[in-house]
Protein chains: 2
Amino acid sequence: MNLKNCMVAQSGGPTVAINASLAGVIRGVKASSMYDTVYGSLNGITGILNNKLLNLTELMDTHPDYIDRLTNTPSMYLGSCRYKLPDYMDDDSPYVFIFKQFEDYNIEAFFYIGGNDSMDTVLKLSEYAKKIGSNIRIIGIPKTIDNDLCETDHTPGFGSAAKYIASSLLEIAHDTFIYAVKSVTIVEIMGRDAGWLTAASALARNEYNTAPHLIYLPEVPFDTDDFLLDIKRLLFERNNVIVAVSEGIRDAAGNYISASESTVDNFGHSQLSGAGKTLEFLVKEKLGVKVRSVEINVLQRCAAHLASKTDLDESVALGEKAVALSEEGVTASMVTINRISNAPYKVEYGYAQITHIANEAKSVPADWIAPSGNDITQPFIDYLTPLIQGEPQLTYKNGLPVYMDVSHLSKHQ
Amino acid sequence: MNLKNCMVAQSGGPTVAINASLAGVIRGVKASSMYDTVYGSLNGITGILNNKLLNLTELMDTHPDYIDRLTNTPSMYLGSCRYKLPDYMDDDSPYVFIFKQFEDYNIEAFFYIGGNDSMDTVLKLSEYAKKIGSNIRIIGIPKTIDNDLCETDHTPGFGSAAKYIASSLLEIAHDTFIYAVKSVTIVEIMGRDAGWLTAASALARNEYNTAPHLIYLPEVPFDTDDFLLDIKRLLFERNNVIVAVSEGIRDAAGNYISASESTVDNFGHSQLSGAGKTLEFLVKEKLGVKVRSVEINVLQRCAAHLASKTDLDESVALGEKAVALSEEGVTASMVTINRISNAPYKVEYGYAQITHIANEAKSVPADWIAPSGNDITQPFIDYLTPLIQGEPQLTYKNGLPVYMDVSHLSKHQ
């Protein structure tokens with residue numbers, strides 16, 4: 001008997017929805033007439049290299065609500081890695097080993113759930129497969145809170161992060177409004193190069209809340225004089241000014257507005273922190289007003305207790321779609337979300353060539369940013385609003401959300 | 001007709017439950033045969049001085065679910081203040097004005113919802129009332145995320161903050177476990193002088209999660225050498241070490257372990273930040289391991305989307321209790337929660353003399369801290385666990401929690 005199997009792994013930074021796509025892949029395989037077993041590679045592609053593989057088909061049967069719980073569990077059930085494959089022209093040894101593993105496990109398709117860097121891995125594996133004449137399907141499944149992948153309307157994980165940021169901003173506004181004294185609150189939000197997440201803070205505005213009063217995205221060169229003028233103007237009108245600012249804002253010369261020295265990670269990205277703190281000190285020094293900065297911390301990417309149901313549902317669907325596409329022979333691609341309409345919100349799932357996606361990044365379009373450079377426009381709000389709709393039914397035990405046991409991650413390390 | 005009325009105000013820092021106590025007062029007045037109208041003083045006691053008063057009895061009829069929505073709304077519906085009453089021996093002018101207002105509005109009872117500093121106001125108003133022979137009842141209703149008020153088993157607002165901190169710690173643990181490399185994560189939690197909130201991080205431990213692996217409270221002098229040894233020891237055993245640390249940890253000489261200069265607020269408290277950052281830099285420098293610090297920001301006191309139902313229910317009950325006690329003639333007191341049993345969890349509501357509470361603070365008992373000084377003991381867990389139970393039914397609209405309109409706070413400023 002020659003069973004056909006497939007394999008899945010997760011890579012990059014955590015999101016709330018990346019396990020939902022894993023659950024989608026498992027569901028897809030369960031419904032498939034082609035695949036027998038789906039294996040999970042631990043810590044991204046390195047699990048294949050180190051032979052750390054889980055039989056997910058078997059595991060699924062260990063727990064009655066394995067799929068549901070996995071769907072609602074934040075971060076990565078299979079762990080992650082920051083491993084960058086070398087160019088196979090320079091060193092094909094990891095490729096040789098990976099494809100030998102695929103052969104040993106009768107792997108017909110490999111699904112890689114991740115962001116930009118992971119799509120680079122999908123591209124490289126696809127090119128190597130083509131070179132050696134392997135017909136193993138290599139398909140990327142997008143996830144990133146940053147929403148900066150091309151060819152897809154938006155990325156899984158973004159909607160939940162946006163919902164968390166908007167809710168947090170609203171709660172911070174309630175926290176801020178209580179004192180009848182002039183104050184400035186600066187809220188720093190993730191997003192190195194693209195302002196998608198920072199823009200989502202605008203969804204906090206409602207019938208009684210006009211905050212955030214200023215929104216600064218990395219797409220617009222940041223001018224500290226303009227910023228101080230904006231603040232001064234608003235402090236005439238009202239007591240409490242709330243500012244949403246991306247961690248990645250830069251001046252006209254391209255230098256980060258950040259107090260800390262930047263260091264460079266394995267992929268050549270600068271690691272930032274401190275734009276909010278820097279602006280806090282600036283306001284204190286130049287305006288002498290009460291000021292505080294709040295860094296929306298890693299919870300914006302892991303607070304599964306406040307996920308967007310829309311986001312989780314779409315993430316599951318993309319996992320299932322990837323399995324279905326692989327059965328049709330699609331490879332060297334990433335599954336995508338295509339928006340059909342905003343009201344009612346409707347999407348279709350498709351795919352795009354990985355060559356159009358890997359190592360590209362999608363910025364906020366210029367006409368979605370207000371001409372003043374300190375706010376976003378209505379079309380952007382219309383784009384964002386459907387993505388944060390709906391609340392998943394979470395189970396609580398002893399007062400805490402119930403997530404999937406991930407102790408295998410430390411056992412296998 | 002000589003109608004009897006009462007008045008309520010809120011003061012100090014925000015919590016998730018302080019509006020629940022306000023809702024309790026309104027419910028109590030609604031059910032009362034003694035009081036006609038309850039007035040809300042905006043921005044604490046300063047609303048009486050500036051004649052900024054809301055007729056809450058009237059407002060309650062404007063919205064069908066006014067009470068329910070108020071119960072679930074974070075921070076202060078009536079706003080807050082940091083105003084400290086002078087000693088009436090030095091300057092009785094604010095007292096004269098306040099009690100003239102009470103007379104003009106036929107106020108028979110004044111309820112002040114707040115923490116330690118607000119109980120100082122309750123004490124002073126009570127003493128002044130006694131001096132002038134007024135029989136206006138002055139009753140404090142506790143609230144503080146810090147849980148440091150005496151005479152009550154715990155304080156409203158603490159349980160919800162504890163639930164937020166424990167859930168966040170669990171989600172941060174999921175976020176942290178994914179990389180197969182050695183790393184240290186330092187989570188900084190509020191609590192200037194008492195470690196109640198930091199201890200609540202221990203509730204994140206479950207069948208698969210042993211984090212936080214170290215817990216440092218301000219009650220124990222912090223030794224950086226011991227801390228580094230603790231970290232080194234744990235890094236032998238496992239990849240990912242997670243540390244919960246209070247913002248208020250101090251060395252044996254009493255100096256804050258904080259990078260920032262401390263400033264002093266109106267009440268003479270040092271304003272802190274940076275214990276987590278300081279330890280991050282220390283670990284980076286001394287151990288050279290991957291390290292990150294996360295400051296659990298103001299959301300620990302305003303994230304109503306993750307409130308404890310037990311906390312909200314008790315806060316409402318204390319508001320109602322305060323109204324009932326005032327009808328019985330009780331004054332110069334604060335309502336209290338008395339725990340009858342842990343399993344099943346059962347409480348009674350009572351009151352205590354304000355002289356025993358104002359300007360006192362309750363630290364974590366020594367035998368609830370592990371002898372090692374870097375963890376808490378089981379009796380502390382048993383104390384904390386009931387306080388975070390239950391999830392309130394929140395309404396969501398457009399993807400965000402629906403809270404009470406607080407635009408009156410900016411209009412009246």
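Two strands pair if DSSP finds at least two bridges between them. The exercises below use this idea and a few others on a predicted model.

**Exercise 1. Strands around S4(A)**

Task: Work out how strand S4 (residues 107–114) of chain A pairs with S1(A) and with S5(A), and how many of the residues of S4(A) are buried.

Solution: Begin with strand S1 (residues 5–10) of chain A, which is joined to S4(A) by 6 bridges and runs parallel to it; within this pairing, Asn5(A) faces Ile107(A) of S4(A). Next take strand S5 (residues 137–142) of chain A, which is also parallel to S4(A), with 6 bridges between them; here Tyr112(A) has Gly140(A) of S5(A) as its bridge partner. Finally, turn to accessibility: S4(A) is mostly covered, since 7 of its 8 residues are buried.

**Exercise 2. The two sides of a strand in chain B**

Task: Decide which residues of strand S2 (residues 38–41) of chain B point one way and which the other, and find the bridge partner of Val8(B) in S2(B).

Solution: The general rule is that side chains in a regular strand alternate between the two faces of the sheet. In S2(B), Val38(B) and Gly40(B) point one way, while Tyr39(B) and Ser41(B) point the other way, and all of them are buried. As for pairing, strand S1 (residues 5–10) of chain B lies parallel to S2(B), with 4 bridges between the two, and Val8(B) has Gly40(B) as its bridge partner.

**Exercise 3. Checking the span of two helices**

Task: Compare the expected and actual end-to-end spans of helix H12 (residues 309–327) of chain A and helix H1 (residues 18–31) of chain B, and describe what surrounds the ends of H12(A) and how covered H1(B) is.

Solution: For H12(A), its 19 residues at 1.5 Å a residue should span 27 Å, and because the end C-alpha atoms are 28 Å apart, the two values agree. At the N-terminal end, Ser308(A) acts as a cap, with a side-chain oxygen 3.3 Å from the backbone nitrogen of Thr310(A); just after the helix, Gly329(A) has a positive phi of about 95°. For H1(B), 14 residues should span 20 Å, and the end C-alpha atoms are indeed 20 Å apart, so the expectation is met. H1(B) is mostly covered, with 11 of its 14 residues buried, among them Ile18(B), Leu22(B), Val25(B) and Val29(B).

**Exercise 4. Cysteines without a partner**

Task: Explain why Cys6(A) forms no bond with the closest cysteine sulfur, and say how many disulfides there are over all chains.

Solution: A disulfide is a covalent bond between the sulfur atoms of two cysteines, and the cut-off used here is a pair of cysteine sulfur atoms within 2.5 Å. The sulfur closest to that of Cys6(A) belongs to Cys81(A) and is 19 Å away, which is too far for a bond. In chain B, Cys81(B) is likewise in no disulfide, as the nearest cysteine sulfur, in Cys6(B), is 19 Å away. The count over all chains is therefore 0 disulfides. As to their surroundings, Cys6(A) is buried, with a relative accessible area of 0%, and Cys81(B) is buried at 7% relative accessibility.

**Exercise 5. Three residues in loops of chain A**

Task: Locate Asn72(A), Asn206(A) and Arg250(A), and describe the setting of each residue in turn.

Solution: Asn72(A) sits in the loop between helix H4 (66–71) and helix H5 (93–104), and because its relative accessibility is 15%, Asn72(A) counts as buried. Beyond its neighbours within four places in sequence, Asn72(A) is in contact with several residues, including Ala304(A), Pro392(A) and Tyr403(A). Asn206(A) belongs to the loop between helix H8 (196–199) and strand S7 (214–216), and at 28% relative accessibility it counts as partly exposed. A polar atom of the Asn206(A) side chain lies 2.7 Å from the backbone nitrogen of Asn209(A). Arg250(A) is found in the loop between strand S8 (240–246) and strand S9 (263–264), where its side chain makes a polar contact of 3.2 Å with the side chain of Asp193(A).

**Exercise 6. Relating the two chains**

Task: Find what rotation and shift superpose chain B on chain A.

Solution: Chain B is superposed on chain A by a rotation of 180° with 0.0 Å of shift along the axis, at an RMSD of 0.0 Å. The two copies are thus related as by a two-fold rotation axis. Turning to the interface, 100% of the interface residues of chain B are also interface residues in chain A, so the copies meet through the same surface.

Notes
Residues are numbered from 1 along each chain as its sequence is written. Chains are lettered from A and ligands numbered from 1 in the order in which they are written. This is a predicted model: local features need pLDDT of at least 70, side-chain atom pairs count only at pLDDT 80 or more; totals for chains, interfaces and linings use all residues. Side-chain values use heavy atoms; hydrogens and water are left out. Buried means under 20% relative accessible area, exposed over 50%, partly exposed in between (1.4 Å probe, protein chains only). Contact means heavy atoms within 4.5 Å. Copies are superposed by least squares on the C-alpha atoms of residues with pLDDT of at least 70 in both. The expected span of a helix is 1.5 Å times one less than its number of residues. A polar contact is a pair of N or O atoms within 3.5 Å; within protein, one must be able to donate a hydrogen and the other to accept it, and residues adjacent in sequence count only if both atoms are side-chain atoms.
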